[in-house]
Amino acid sequence: MLYPEGVLIDGMTGAVTPETGRYSKRLSGLAGIFQDSSAFERAIFDEADPLVYEVIDYRKPDSDLFFGTTTMQPGKVGVEYYMTRGHFHERRDRGEAYYTQSGVGLLLLESRAGETRSVAMCPGVCAFIPPDWAHRSINTGREKLVFAWFCATDAGHDYGQILQRGMRKLVVEQNGEVAITDNPNFRT
Ligand code: F6R
Ligand code: ZN
């Protein structure tokens, strides 16, 4: 039997209380997602394998729903801002919601058919991620980007496609501004 519970989400730190699990991604755990491989190697060495993001969840066995936070550090690899791996859900009928609590960023989305969209992430914006759209978040600001996410427990994660072929768009700094550009190395 599951019982109701209030879970405290700290929108500045991403802390979830009580939490049931967490993991973090350092730069070395994100090999292959950034375009500039020499900037990637250099950043790991010069910055002592920096933390890129941390995910904390609240998940109850046998529940249909779980939620948590992702806290992304600011930073870049070459001209590309720090980003998450990005994924489709294994179940093609499962979407998600991302509610940004602090910081600024972009949510980059790509449908199975190859359409691309982006949603600005800033405090108060709740992004609707429809089923079967790949999603990747990018911290384009100078502060931490903290967002809460809410998802079906059976959604599952499919990282393979995005890892192998990348996404069609990149989010880069261009002349001091945030720009969305075509990925020259995208493979269909
Ligand atoms: C869950 C979800 C988020 C991400 C997290 C890290 O479906 O979308 O919790 O898992 O923001 O991103 P990935 O998993 O792409 O490394
Ligand atoms: Zn997801």
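Student: Which share of the contacts in the protein with a separation of 6 or more comes from residues 24 or more positions apart?

Tutor: Good place to start! Keep in mind that this is a predicted model. In the protein, 67% of those contacts with a separation of 6 or more join residues 24 or more positions apart.

Student: How many helices and strands does the protein have?

Tutor: The count is 2 helices and 17 strands. The radius of gyration is 16 Å, close to the 16 Å that the globule rule gives for 188 residues, so the protein is as compact as a globular protein of that length. For a view of its dimensions, the C-alpha trace spans about 50 × 35 × 25 Å along the principal axes.

Student: What part of the 188 residues is buried?

Tutor: Buried here means under 20% relative accessible area, and such residues make up 46% of the 188. As for the surface, about 9700 Å² is accessible, and carbon and sulfur atoms hold 51% of that area.

Student: Is Gln-164 buried or exposed?

Tutor: Exposed counts as over 50%. Gln-164 has a relative accessible area of 58%, which is why it is classed as exposed. You will find Gln-164 in helix α2, residues 160–165. Try comparing sequence and space, too: Gln-164 and Glu-90 are 74 residues apart in sequence, and their C-alpha atoms are 16 Å apart.

Student: Now to open spaces. What is the volume of the largest pocket, and which residues lie nearest its centre?

Tutor: A pocket is an open set of grid points, whereas a probe in a cavity cannot get out. The largest pocket has a volume of about 320 Å³. Its lining holds 23 residues, and Tyr-23, Val-55, His-87, His-157 and Tyr-159 are those nearest the centre. Elements that give two or more residues to this lining include β3 (21–26), β5 (65–72) and β9 (96–102), while β4 gives the most, with 4 residues. Sorted by class, the pocket lining has 10 nonpolar, 8 polar and 5 charged residues.

Student: And the closed spaces? How many cavities of 30 Å³ or more are there?

Tutor: There is 1 cavity of 30 Å³ or more. The largest cavity encloses about 40 Å³ of space. Among its lining residues are Glu-80, Tyr-81, Arg-136, Ile-138 and Leu-170.

Student: Which element gives the most to the lining of the largest cavity?

Tutor: That is β16, with 3 residues. At least two residues each come from β7 (80–81), β13 and β16 (169–174). By class, the cavity lining has 6 nonpolar and 3 charged residues, and no polar ones.

Notes:
Residues numbered from 1 in each chain as written. Chains lettered and ligands numbered in written order. Predicted model: local features only at pLDDT ≥ 70, side-chain atom pairs only at ≥ 80, totals over all residues. Heavy atoms only, no water. 1 Å grid on protein atoms, 1.4 Å probe; cavity = no way out; pocket = protein on both sides within 12 Å on 5 of 7 lines; lining within 4 Å. Points joined across faces, edges and corners; volume = space filled by probe spheres on them. Nonpolar A, V, L, I, M, F, W, Y, C, P; charged D, E, K, R; others polar. Buried < 20%, exposed > 50% of the residue type's maximum accessible area, 1.4 Å probe, protein only. Rg over C-alpha atoms; globule rule 2.2 N^0.38 Å. Contact = heavy atoms within 4.5 Å. Areas by Shrake-Rupley, 256 points an atom, 1.4 Å probe, with all protein chains shown as cover.
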